[in-house]
Each structure stands twice: as C-alpha cells, then as structure tokens.
Amino acid sequence: MNKRKTSPAFFSRNAKRSKHQSSLDSFLSCNVSKSRTNTKTYKEDAIKTSSKIVNLSSEEETEEPNESFIRDAKQSAVLNLKEEDEEISFSPIEDNTGNCVSPEVSFEGSPEKKRVARAQTKNRSLSVSKPKQYKISKDVTSIENGYKKCPYFKRIPNTSFVVDAFSYGAIPKVNGYFLSHFHYDHYMGLGKHFPGKIYCNEVTAKLCELKLNVSRSKLKVLPMDEALFVDGVEVTVLDANHCPGSSMFIFKLSDPEIYVHTGDFRASRQEDNEMWSKLKPFRSKITKLFLDTTYLNPTYCFPDQDAVIGKVETLVLSIVEKFGKDNVLFVFGSYTIGKERLFLRMAKVLDSKIYVDKPKFDILTCFGWPEVTKYVELKSKTATIVVKQMQEIKVDNLRHLCAKMTGSRRFSHVVGFIPTGWSQSSGFSLENDLKPTTVQGNVSIYSVPYSEHSSFEELRNFVQFVKPKEVVTTVGRNIQEMQSYIKQWLKTDLH
C-alpha cells in the first residue's frame, strides 16, 4: 500500500499556522480564565466583550454558547478590534517579516475550490495600524495564575493598588483595581465576573454598568477633588482633562511618599486650569509620577484644544456661508467616548441638532451634561451634524450616510472631520487655513490635530511644574529617548 507523501510545504504551512494559533491564544489568555471551575463565567465575559468591541450583537446571550461560537467570536474580536482611544489599534498576527497575515482557517469543498480559497486567503491583507506600545519589562513575559504578570508601571509602590490592570486576572496581594477612564486599552479584561474591587469616578462607573454589565456593588465610586482613605492610603481623584470621566490619581502614603498616576491626560496650561492649581501643593514632593507619554516626541507640538476648535469653527462657518446651512452635512469622528467638546461646540455655533445612534446616545446621557440634552437627538429629521466612529469617516461611508439621511432634504455637500493628534505629523499650522486631506466630488474630509492627550510641549511644562523625583513612562517603547528628555526637563524650572 502506497503511503501519501507529505511535502515540506505542508510542514511549513502547519508550523506557521501553529505559530499563528499560539499568538491568538496568547492574546485571548488575557480575557479567558485557565481555571476549569470558572470556565462558564469567563466564556460569557469573553463573548460579551467581543460582541461589544466588534458590534456582533447589542443583546446579551440568553443561553450558554457552544465552543464553536466562542472560538468564532474571539477570533472576530482579534481580526476586527477597533480601539476607542486615538492612538490605539490592535495588530492581530504578524509573520517573521512584520507583515500582517490571516490566522488559520479551514477550507471546504472540492480540491480546486480549496486551492482557490487558500490563494485568496494568502493574498488577503489586513489593514491594521500600529498598536499602542506599552513600556516593556521582564514581568510582562512571565505567567502568574494563567495570566501575563502585571507590569510594574501599573503597580503603585508600597500599596495593594494597581491602575488600569484588568487583563491580568486576580493579581496576588492586590486589593484595589483603579480604572482611570472608559477606553478599551484601559478597561480591557473587565467584565461582570471580574473578581476585584474597582475604584473609579461616577461617570466611569455608569459606563461600566451600561457597557460591561459590571454590578454597582463591585464599583467603588470615588468623589472628585476630595481626599479619602482607601486601605489606609489617602487617595485624591482629579479631572485628567482627557475624556468624560477621565481621572488622575494621587496616592499619599506619607509626606515623603506620594505617587501620582496621570492615566491618559491633557495638561493644557491656562490661567484658570484646575489641574495645575490642585497639583501645586505637591510640587517637588512627588516620589514617582506615572506619566502618559503618548506624544513624548518633538514632532507632536500640536496646538491646544481651544485653538483647534476655533479653526474648525471658522472653517464650518465659511462652508455654511458658501453653500447654505441646510445644504451641508457635517460628520465628526469619535470614539466610544471622546471628542465631545468639538462636535458640541459646532452644534452651538450652527444652532443645529446632532444625530447619534442609540448606543452613542446612551453613553452621552451618562455624562449629565445640559448640552447633550439640548443638542443631541436620536432622530435625524433636523440634524445637520452627525457623530460616527472614527474609522467610518471615509468617502464611501459619507456618501452612503448622506443618501440615507436626505429624506425630504438634499445635502449638496458632506464634510467629514477626523480629530486626532497624529495629524500634527502632516505639518499642521494654526497660521494657515485648514485644508482637506481628501476631496472626491461633493465629499471633503479634514484631519485636524484635536487631541485629548498632552503634546510634547505640554508634557515638558507639566514635568517641570510638578518636579517629581522620578518619572515612570507608561506608553512607548523608546524608553531611553523619552527618559533623556525627561532628565533634561527636570534640570530646568518652568518659566
């Protein structure tokens, strides 16, 4: 009997698939428990988290999903994950050259169909931007209780606290899990079965209840601007000026031992800025400053938010004057939360309603803002402003949206806005008029450097103002370069 020979290519393909599956399993291990006793509950969390991230379903599963559905949902989460925060996207799987490749798939049908399917899969490219890179330590690669070990830059020294560390399971000797704000890269791993006590402010607590089904009994709401004791540590929560509900934490163990974790923050310096005035008593006393270093690069010296809002306002008014208020549809990109100041200001300027979908409407109402009540609506009969997910601000999507919303109205032009600090790298200048990055027919798209993170210059001013004894960077791989800037800043006082 002749045995079928196996070609070297067969082993090569399977080795690659094995490697891809290993990468997939490694990513998913953050959300799925290794413990058999908790398999059911963590399966439910994995499915519901996946459903929310990739919009598989807005409804809860009413019965326990089977293994095939769990696998498909988790794989969809890996392939289609869209992060809320502006510098975030997740790169699913990479080969040895750094190129994105598809994970293992099964092919059915005749040999010819299998061959064609394999060829199509091989040539399929995944459009994925660079992921947010956290500071790497040896701790990250070690395993603890079936999870990646929590890295040092998420741990508050000499306490039982961690910040934004929900993807590491129940961390030994940790009694308090602090959540700085409701962006996926910070709450990743959090679900209704998360075992620890979660400390956050009121807005973030409401969002955890709404989107993650976390029980209110597990959420320990901290008041803003008020010192209180948690496990013997004095904790103060300040507004981080990042997105609604964003928090900066001050942990005071004793006068010589103070730790400040900024979370994600925008350190705009203005005469009446509350953040600076409330940090003034801690100047030169902070033991360690855990700093959001997303834009710690001289390239990103973008203007403050009010200046960018002013430029967008000028542009919007000029377009309305040229084409007429009721003839132009303005579409603003956003994340789950974030960019609200920009589109709410435009609604005020145009005295226009803002159309959002039901999930976005529910999120906005969590803030308790009177502007939301005044301008935001679910029906699109009168709105000339629409808010969509950032990745949806594309020409074809805007054309489709325009046709869908037209009804009795006829919009002659559609103008989309992508507000992100990354656009500063394209040479934005406040001295020049805003120019569209894309124009096709009656559709124009503008990328503007409206950021909710601190610019390079603002980071410098902030570090020089608070004068910490040590700075721990929380974002970025180029640690030595960032620390070289920080050391220079600490040698000079803020003028």
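Here are legends for several close-up views of this predicted model.

A few ground rules first. Because the model is predicted, local features need pLDDT of at least 70 and side-chain atom pairs count only at pLDDT 80 or more, while totals for chains, interfaces and linings use all residues. Residues are numbered from 1 along each chain as its sequence is written, and side-chain values use heavy atoms, with hydrogens and water left out.

**View 1. An open sheet of four strands.**
Let's start with the sheet, whose strands come in the order 3-4-5-6 and pair in parallel. Strands (E, at least two residues) and helices (H or I, at least four) are DSSP runs, numbered from the N terminus. Two strands count as paired if DSSP finds at least two bridges between them. Which strands stand at the edges? They are strand 3 (161-163) and strand 6 (219-221); each has a single partner strand, so one side of each is left without a neighbour in the sheet. From one strand to the next, the twist averages 30°. Strand 3 and strand 4 (residues 176-178) run parallel and are joined by three bridges. Look for Val163, which stands opposite Phe178 in strand 4.

**View 2. Helix 7 on the sheet.**
Here helix 7 (residues 202-212) lies across strand 5 (197-200) and strand 6. The helix runs at about 160° to strand 6. Angles like this one run from 0 to 180 degrees between N-to-C directions, with axes that are lines fitted to C-alpha atoms, for helices over the stretch in contact. Contact itself means heavy atoms within 4.5 Å.

**View 3. A small network of charges.**
Glu202, Glu209 and Arg216 are linked in a network of salt bridges. A salt bridge here is a side-chain nitrogen of Lys or Arg within 4 Å of a carboxyl oxygen of Asp or Glu. Zoom in on the side chains of Arg216 and Glu209, which meet at 2.7 Å, N to O. Are these residues buried or exposed? Arg216 is partly exposed at 33% relative accessibility, and Glu209 is also partly exposed, at 29%. For these labels, buried means under 20% relative accessible area, exposed means over 50%, and partly exposed is in between (1.4 Å probe, protein chains only). Searching the whole structure turns up nine salt bridges.

**View 4. A salt bridge between distant parts of the chain.**
In this view the side chains of Arg266 and Glu458 form a salt bridge, 2.7 Å from N to O. The pair links distant parts of the chain, 192 residues apart: Arg266 is in the loop between strand 10 (257-261) and helix 8 (274-279), and Glu458 is in helix 14 (residues 456-466). Arg266 is buried at 0% relative accessibility, and Glu458 is buried too, at 10%.

**View 5. A salt bridge within helix 8.**
Glu274 and Lys278 bring their side chains together in a salt bridge of 3.2 Å, N to O. The two residues are four apart in helix 8, so about one helical turn separates them. Lys278 is partly exposed, with a relative accessible area of 28%.

**View 6. Strands 8, 9 and 10.**
Strand 8 (residues 233-239) and strand 9 (residues 247-254) pair in the antiparallel sense over six bridges. One pair to find is Leu238 with its bridge partner Met248 in strand 9. Strand 9 also runs antiparallel to strand 10, and five bridges join them. Phe251 has Tyr259 as its bridge partner in strand 10. How many residues make the hairpin that joins strand 9 to strand 10? Two residues do the job.

**View 7. The two sides of helix 15.**
Buried residues of helix 15 (residues 479-490) are Met482, Gln483, Ile486 and Trp489. They cover an arc of only 115° around the axis (going by directions from the helix axis to the C-beta atoms), which puts them on the same side of helix 15. These buried residues pack against helix 14 and strand 19 (471-473). On the other side, Gln480 and Lys487 are exposed.

**View 8. Two residues with positive phi.**
Most residues other than glycine have a negative phi, and most peptide bonds are trans. Asp164, however, has phi near 55°. Asp164 is found in the loop between strand 3 and strand 4, and is buried with a relative accessible area of 5%. Lys339 has a positive phi too, near 75°. Find Lys339 in the loop between strand 12 (328-334) and helix 10 (340-350), where this residue is buried at 1%.

Definitions and conventions: The expected span of a helix is 1.5 Å times one less than its number of residues.
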